[in-house]
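Student: Could you take me on a close look at one part of this protein, and show me how that part sits against its neighbours? I'd like one connected walk-through, please.

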Amino acid sequence: MRRLLALLAGALFGAGLHLSGMTDTSKVRGFLDFFGAWDPTLAFVMGGALLPMALAWRLTARRAPLVGGSFPARPDPRLDRSLVIGALLFGAGWGLAGLCPGPAIASLSYGGSGGLIFFACMVIGMGAAPTFKGWLDRPGAIA
């Protein structure tokens, strides 16, 4: 049952990414082009994700998931070096490629080598991230 719900949730998420245009790299780049032909439509997609998530955090404060396990802990609200560097790398990748992890996986269904190359690089980066995080967390690594 848990795997079926995960499959349905993933399919719904992928369909939402497709319908919202998040898998269209030119639409994403248009959103990031503030001083050119700016396309603000993805701001509504982000708002449509942030508002329900804020509500979900409120509603799950003292509850357990229906299909076992537990909800993740709230993220640490402090801005630290790892968060800032991660956000910069994520933003640079999103701006250069027009994809982030969710849309990159969804775009694999389109075929073509561009999505596969991005996906391979993303997986390599995810594999290397724990090593770099350990290095960044050492005192005096980056001032």
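Tutor: Sure, let's get our bearings and then zoom in. Reading along the sequence, you meet the pattern α-α-α-α-α-α. In other words, the protein has 6 helices and 0 strands. Keep in mind that this is a predicted model. The C-alpha trace spans about 45 × 45 × 30 Å along its principal axes, and buried residues account for 15% of the 143 residues. As for contacts between residues at least 6 apart in sequence, 48% of them join residues at least 24 apart.

Now for the close look: let's settle on helix 2 and what it packs against. Two packed helices are described by the angle between their axes and by the distance between those axes. Keep both in mind as we go.

Start with helix 3. The axes of helix 2 and helix 3 are 8 Å apart, and the two pack at an angle of about 95°. Angles of 65 to 115 degrees count as roughly perpendicular, so helix 2 is roughly perpendicular to helix 3. On the helix 2 side, the contact is made by Lys 27, Val 28 and Phe 31; on the helix 3 side, look for Thr 41, Leu 42, Ala 43 and Met 46. Sort the residues in this contact by class and you get 5 nonpolar, 1 polar and 1 charged.

Next, turn to helix 4. Helix 2 covers residues 25–32 and helix 4 covers residues 81–97; their axes come within 8 Å and cross at roughly 120°. That angle makes helix 2 oblique to helix 4. Helix 2 brings Thr 25, Val 28, Arg 29, Phe 31 and Leu 32 to this contact, while helix 4 brings Trp 94, Gly 95, Leu 96 and Ala 97. By class, that's 6 nonpolar, 2 polar and 1 charged residues.

Did you spot Val 28 and Phe 31 on both lists? They take part in the contact with helix 3 and also in the one with helix 4. Phe 31 has a further role in the picture: ring pairs link Phe 31, Phe 34, Trp 38, Phe 90 and Trp 94 into a cluster. The count of aromatic pairs comes to 5. One of them joins Phe 34 and Trp 38, with ring centres 6.1 Å apart and planes at 35°, which makes the pair tilted. Phe 34 has a relative accessible area of 52%, so this residue is exposed. Trp 38, at 41%, is partly exposed.

While we're here, follow helix 4 itself for a moment. Helix 4 has 17 residues and reaches 24 Å from its first C-alpha to its last, close to the 24 Å expected at 1.5 Å a residue. Just after helix 4 comes Gly 98, with a positive phi of about 80°. Back inside the helix, find Ser 82. Its relative accessibility is 19%, so Ser 82 counts as buried. Leaving aside neighbours within four places in sequence, Ser 82 is in contact with Lys 133, Leu 136 and Asp 137.

For a contrast, step back to Ser 70, in the loop between helix 3 (41–59) and helix 4. With 63% relative accessibility, Ser 70 counts as exposed. Ser 70 and Leu 55 are 15 residues apart along the chain, and their C-alpha atoms are separated by 17 Å.

Key
Residues are numbered from 1 along each chain as its sequence is written. This is a predicted model: local features need pLDDT of at least 70, side-chain atom pairs count only at pLDDT 80 or more; totals for chains, interfaces and linings use all residues. Side-chain values use heavy atoms; hydrogens and water are left out. Axes are lines fitted to C-alpha atoms, for helices over the stretch in contact, and angles run from 0 to 180 degrees between N-to-C directions. Helices (H or I, at least four residues) and strands (E, at least two) are DSSP runs, numbered from the N terminus. Angles under 35 degrees count as roughly parallel, over 145 as roughly antiparallel, 65 to 115 as roughly perpendicular and the rest as oblique. Contact means heavy atoms within 4.5 Å. Ala, Val, Leu, Ile, Met, Phe, Trp, Tyr, Cys and Pro count as nonpolar, Asp, Glu, Lys and Arg as charged, and the others, Gly among them, as polar. Rings of Phe, Tyr and Trp (its six-membered ring) pair if their centres lie within 6.5 Å; planes under 30 degrees apart count as stacked, over 60 as edge-to-face and the rest as tilted. Buried means under 20% relative accessible area, exposed over 50%, partly exposed in between (1.4 Å probe, protein chains only). The expected span of a helix is 1.5 Å times one less than its number of residues.
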